[in-house]
Amino acid sequence: MKQRMTRYAVTGAMLATALAFSVSAIAEPAAPNYPKTIGEGEGALNIVAWEGYAEDSWIKPFEKETGCIVNRKYAGSSDEMVALMRQGGGGEYDLVSASGDASLRLILGGNVQPIDVKLIPDFDNFVPELKAPPHNTLNGLHYGLSYEWGPNVLMYNTDKIKEAPKSWAALYDPQYKGKITVPDNPIQIADAALYLSKTDPSLGITDPYELTEAQLDAAVALLKKQAPLVKKYWALASDEIELFKNGDAIIGASWPYQTNTLKADGAHVADTIPAEGATGWADSWMLSAKSKHVNCAYKFMAYVSTPEVQAEQAIYFGETPANLKACAAMDKADPGSCAKYHLDDAATYIKQIHFWKTPQQTCANGKAECTSYTTWQQKWQEIKG
Amino acid sequence: MISYLQETFDKAVGRVAYQSRRLSAGLWRRPAVSAGLLLTPPLGWFIFIYLAALAALFISAFWTVDSFTGEINRHWTLTNFHAILTSDIYRRIAVRTILMAAAVTLTDVLLAFPFAYFMVRLAGPRQRIVLFTLVLVPLWSSYLARVYAWRLIFAHNGALNWVLRHLGFEGLEIGYTNWAMWIVFSYIWLPFMIMPIYSAIERIPYSLFEASQDLGAKAWRTFFKVILPLAMPGVIAGSLFTFSLTLGDYITPVLVGGPGSDFIGNVVYANVGIANNIPFAAAYASIPLIVMAAYLAFAKRTGAFDVM
């Protein structure tokens, strides 16, 4: 009797869960639902951001000005950002600073809603290429507001490596065995593909994010040879900072943020963009389709688009603003920084960087010959073991 | 006025007391009802929160996920299990996790047994209190703090290498390797091995030691023929903790592991939190469940549950 009751209970529980799960929705991009004006703030704003993207020095003044208290959640990878924005059915976070390899997934998954750029006064001052780039704009709707952009760099310890490496080959060089660190991120495959596109033209790689199966295999083979040389695949920027500080790594793929932080700490490091060029990021602020703090979100987007905040962010992280007017503010805060981060020649600089985007099965030519991001993720697990 | 209030209050109390007496008498006459009332909250929790979560896990393991939009596709399929069984990397990660759990368990048995034996047989009451405190104090500090501490110890310019270099040795490159994970796991779970072995040895009557000696057995023979068999359930009980805790961990591999250190838990975490492929994570998570079920069945046969 007792056993049978347990069995009933278990079956009941399983049925209940199956029912709860069977309500499903087909994802499609969210339709516009623009506010007429930016109204009174809701008092809070939950954001998902890259480390270094929501520092007190510009968040505190915003909170004081608008009364919107900013709750910050830092993510270590684009995948994590996508997962956080989808968590609990979406709506737990209002804004995300998504890079180009996350933005399309969020749009097509119906996780973010179009933004009315008329409510963002500084939008008119943006770099023309970043007003409606394909990674955040679909069918003329702005699902993302461009923020900052820049290249992924090669960072090295200047005490151990006197001369700046000229090629990404340094990351595959056995002489640095056990001293190399690279991000724990499937998009890292594109870095290997970019290197191969220059060193092995027979593979015919034209876009590091559009790889046929043979091209992907070649990149994976290169990365598998690199794996025994790697000290650690870093998950958070702070991990890489610690690795360089403690002497565990002397060379690695990095963001300018780590170089700046380590330099500020007195560590002897420098970074460089090798001859092959670099992959990079173009980030957009994206608004959750189920945001509960739309007014605060618009206030925030308008605020971070102003030249002052854009300049502060750019200098802190080591990247280039989307707002062309930020040049003066940058030079005021750090003379020469506008030219250092190429905001003065943004139009040519932007063409040298291969911005992150989501690898898809359908290549740009419309043929289904390319490998999808899911495949990249599986390959990445194989690479790091 | 006050006396009126007092009177009303007393009446009310009297009514409540009467009602509750009636209720308890009623329950006393119907034991099934009182048992039902007592058991409903824990049983409800167990079924709807604990078992339902497991059921949801198993159900979703048979689903797939749309790679681009991240929506769950609810068609029944064995794709996930097929992918796990046919892929070298997922097999390697499962084997690595299980072997590490076994190595950590063995290490902890070897470290904990002499320690527990000393605490029971040789230490005085005051020494015993000091030793107990030493075993338990690390458990009061955060797990994360202790793992981070080890990371600093093992770093290239860390405490360990500082000592080694001052002693005239070469520094060790032990940080971010599987060796580092083995040491950290063995350290972190050691108290969970010491306590059950301690209570198992404590239960062995002292007369058995004397009898063994009186019959002419040497110390090592007493150990292998008397102490070890009687303490074995304690060892198994401890190993249940160390084995399952290692098997389910994913933070230590992230913090002190290097390339080729991913555990089952890391794959599950990557698929839930990063790749958003919950069905695959659910399928992979069933491996430790199966391993632990087998291990528990084995432990039950040895009588380990009697000392827990």
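How far does helix H2 of chain B reach from its first C-alpha to its last? In this predicted model, H2(B), which runs over residues 31-60 and has 30 residues, reaches 41 Å, close to the 44 Å expected at 1.5 Å a residue. The points below take up that helix, then a pair of helices in the same chain, and then three loop residues, namely A:Pro186, A:His342 and B:Tyr176.

**Helix H2 of chain B**

- H2(B) bends by about 45 degrees at B:Thr40, and within four residues of that position there follows a proline, B:Pro41.
- The helix is hardly covered, since among the 30 residues of H2(B) the count of buried residues is one.

**Helices H6 and H8 of chain B**

- Helix H6 (residues 143-154) and helix H8 (residues 178-202) of chain B have axes that come within 11 Å and cross at roughly 140 degrees.
- An angle over 145 degrees would count as roughly antiparallel, and H6(B) and H8(B) are therefore described as oblique to each other.
- The crossing in which H6(B) passes H8(B) is right-handed, and the contact is made on the H6(B) side by B:Tyr143, B:Arg146, B:Val147, B:Trp150 and B:Phe154, and on the H8(B) side by B:Ala180, B:Val184 and B:Ile188.
- Such a pattern of positions can be read against the general geometry of an α-helix, which has 3.6 residues a turn, so that residues three or four places apart point the same way.

**A:Pro186 and its surroundings**

- A:Pro186 lies in the loop of chain A between strand S9 (180-183) and helix H5 (188-199), and this proline is buried because 26 other C-beta atoms lie within 10 Å, where 20 or more are required.
- Not counting residues up to four places away in sequence, A:Pro186 touches A:Trp376, A:Gln377 and A:Trp380.
- A:Pro186 and A:Thr375 are 189 residues apart in sequence, yet they are 9.5 Å apart in space, C-alpha to C-alpha.

**Residues with positive phi**

- A:His342, found in the loop between helix H12 (337-340) and helix H13 (346-349) of chain A, has a phi near 60 degrees, a positive value in a residue other than glycine.
- A:His342 counts as partly exposed because it has 17 C-beta neighbours inside 10 Å.
- B:Tyr176, located in the loop between helix H7 (159-166) and H8 of chain B, has a positive phi of about 60 degrees although it is not a glycine.
- B:Tyr176 counts as buried because it has 27 C-beta neighbours inside 10 Å.

Note on methods. Residues are numbered from 1 along each chain as its sequence is written. Chains are lettered from A and ligands numbered from 1 in the order in which they are written. This is a predicted model: local features need pLDDT of at least 70, side-chain atom pairs count only at pLDDT 80 or more; totals for chains, interfaces and linings use all residues. Helices (H or I, at least four residues) and strands (E, at least two) are DSSP runs, numbered from the N terminus. The expected span of a helix is 1.5 Å times one less than its number of residues. The bend at a residue is the angle between axes fitted to the seven residues ending there and the seven starting there. A residue is buried if 20 or more other C-beta atoms lie within 10 Å of its own, exposed if 12 or fewer, and partly exposed in between; C-beta atoms are placed from the backbone. Axes are lines fitted to C-alpha atoms, for helices over the stretch in contact, and angles run from 0 to 180 degrees between N-to-C directions. Angles under 35 degrees count as roughly parallel, over 145 as roughly antiparallel, 65 to 115 as roughly perpendicular and the rest as oblique. A crossing is left-handed if the near helix is turned anticlockwise from the far one by less than a right angle, and right-handed if clockwise. Two residues are in contact if their C-beta atoms, placed from the backbone, lie within 7 Å.
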